[in-house]
Amino acid sequence: MGIGGLFTPLLVLASLVGASSALSSDAEAAVITRRQMASSPEGWEYKPAIKEGKIPNRRLRDAYTALQAWKKAMSSDPYGVTENWVGPNVCDYKGVFCEQALDNPCQTVVAGIDLNHADISGYIPAEFGLLADLALLHLNSNRFRGFIPGTFTNLRLLHELDISNNRFAGPFPAVLEKLPGLKYLDVRFNDFEGELPCSLFHKDLDALFLNNNKFTKIPDNFGESPVSVVVLAHNNIEGHIPRSTGNMSRTLNEIIFSHNKMSGAIPGEIGRLKELRVLDISSNSFMGNLPKSMRDLRSLEHFDISGNKLKGTIPSGICNLPKLKHFAFGHNSFHDTSEHCGPSEQKSDASRVSGKCSAESCQRAPRKIHHERPITVATTYPPAPAPAPTPTPSPPQTDYLRTSLWRGMAPRRTCQSLFLFVRFRCAQN
């Protein structure tokens, strides 16, 4: 898979060796945090010995210093991924990718690092900021702890950052808001907590994965973000859907708020999201009626409102949406459903109460509505996905794997990127 991990389906690791070395206790986590804080955020005191002239340019010397400091900060590498991180030839290090510098084609620099699924434990040292030419950093499914060092502000070319499925903690890393080139950000399956900052939604991001953390609030300027994909599922988010969400009509393709503590009415501004394909607000406490403006979501394919406190009727136009393939509305208090939203052509009265259906009617084949397109209507409430196992493998597969957002980047993404090495990834897709 290599550097193309973000563009391929998520894989659950069958087994993880070296599990006994996992740092699992709070005391051990505190030790790592103290070690990380003890390193200077500005001075980069760690300077490995290397003979002058062994490394061809200053940028590679800086990369050597950063990678050696990082290796020293690793407490466990059960698969031996960094065993060959020895000597001055950093471009030969496993998981490290070099290319010509953007501003000087005569110089070679470290442009990408991919350590996905390595199960490495440790922390990221301050010296990491010396990797100033880094455009891509993939650290999915490891056991890194602590915080993101402030020296990340030097990574001004960073385009893709995936630190998902680790053990980072604390508030959302403020340093990530200061990366001007960042387009893809994935921090899911960590222990980040607290309110999400307003400045995050001013960034020119294309995809934002924040799910399976402990975030508690999203700001009112949420809709100012230009993202095409945003996932906030499985957090502790309270409050309502910001009305500003309707301002994302030009870019937003997929949005997931499921499994939070959100409440209030669904804003009518949602109907302005003409490009929206996936909308999942299941397992919250939303109340009131579905806004009629939802009949304007002409691009919608996957729609899940199950497990809320919604009432009234389902506007008939929703099930007539031209691209709708899956609609789940169970475990609400709908007293009636549209004739096109039932699980079978002949529904009993019981099947229409509270968005539920009888076992018999649920087993019948879905009917075809007037445009002869089959639609799957789920009136039963799907079980919550299993929590991420320990030690941390890839994020567990959930119902969202049926949607394109869990299969990789948004369709607007192209193979044009900051460095030529991206061509190798594009060739694999």
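This passage describes the confidence, strand pairing and aromatic contacts of a predicted model.

Confidence comes first, as a guide to reading the rest. The mean pLDDT of the chain is 77, and 66% of the residues score at least 70. Residues 1–26 have a pLDDT below 50, although this stretch makes 68 contacts in the model beyond near neighbours in sequence. The pLDDT is also below 50 over residues 379–429, where the corresponding number of contacts is 139.

Turning to the strands, six of them form an open sheet with mixed pairing, in the order 1-4-6-8-10-12. Its edges are strand 1 (74–76) and strand 12 (214–217), each of which pairs on one side only. Strand 12 runs parallel to strand 10 (residues 191–195), and three bridges join the two. Here Glu195 is found opposite Lys217 of strand 12. Further along the chain, strand 16 (residues 261–265) pairs with strand 18 (residues 285–288) in the parallel sense, again over three bridges, with Ala265 opposite Met287 of strand 18. Strand 18 also pairs with strand 20 (residues 309–313), in the parallel sense and over two bridges; Gly288 has Leu310 of strand 20 as its bridge partner.

The loops hold some details worth a closer look. Asn165 lies in the loop between strand 7 (160–162) and strand 8 (167–171). Asn165 counts as buried because its relative accessibility is 1%, against a cut-off of 20%. Its side chain makes a polar contact of 3.0 Å with the side chain of Ser141.

Aromatic contacts are a further theme, with 14 aromatic pairs counted. In one of them, Trp70 and Phe128 meet edge-to-face, with 5.0 Å between the centres and 90° between the planes. Trp70 belongs to helix 2 (residues 58–72) and Phe128 to the loop between strand 4 (121–122) and strand 5 (136–138), so this pair ties together parts that are 58 residues apart in sequence. Trp70 is buried, at a relative accessible area of 0%, and Phe128 is likewise buried at 0%. Another pair, Phe222 and Phe257, is tilted, at 5.8 Å centre to centre and 50° between the planes. This pair links distant parts of the chain, 35 residues apart: Phe222 sits in the loop between strand 12 and strand 13 (229–231), and Phe257 in the loop between strand 15 (254–256) and strand 16. Both Phe222 and Phe257 are buried.

Trp70 and Phe128 also belong to one aromatic cluster together with Trp85, Tyr93, Phe144 and Phe152. Elsewhere, a ring meets a charge: the charged end of Arg188 sits over the ring of Phe209, 5.3 Å from its centre.

Methods
Residues are numbered from 1 along each chain as its sequence is written. This is a predicted model: local features need pLDDT of at least 70, side-chain atom pairs count only at pLDDT 80 or more; totals for chains, interfaces and linings use all residues. Side-chain values use heavy atoms; hydrogens and water are left out. Two strands pair if DSSP finds at least two bridges between them. Helices (H or I, at least four residues) and strands (E, at least two) are DSSP runs, numbered from the N terminus. pLDDT is the predictor's confidence in each residue, from 0 to 100. Contact means heavy atoms within 4.5 Å. Buried means under 20% relative accessible area, exposed over 50%, partly exposed in between (1.4 Å probe, protein chains only). A polar contact is a pair of N or O atoms within 3.5 Å; within protein, one must be able to donate a hydrogen and the other to accept it, and residues adjacent in sequence count only if both atoms are side-chain atoms. Rings of Phe, Tyr and Trp (its six-membered ring) pair if their centres lie within 6.5 Å; planes under 30 degrees apart count as stacked, over 60 as edge-to-face and the rest as tilted. A charge sits over a ring if NZ of Lys or CZ of Arg is within 6 Å of the ring centre and within 35 degrees of the ring normal.
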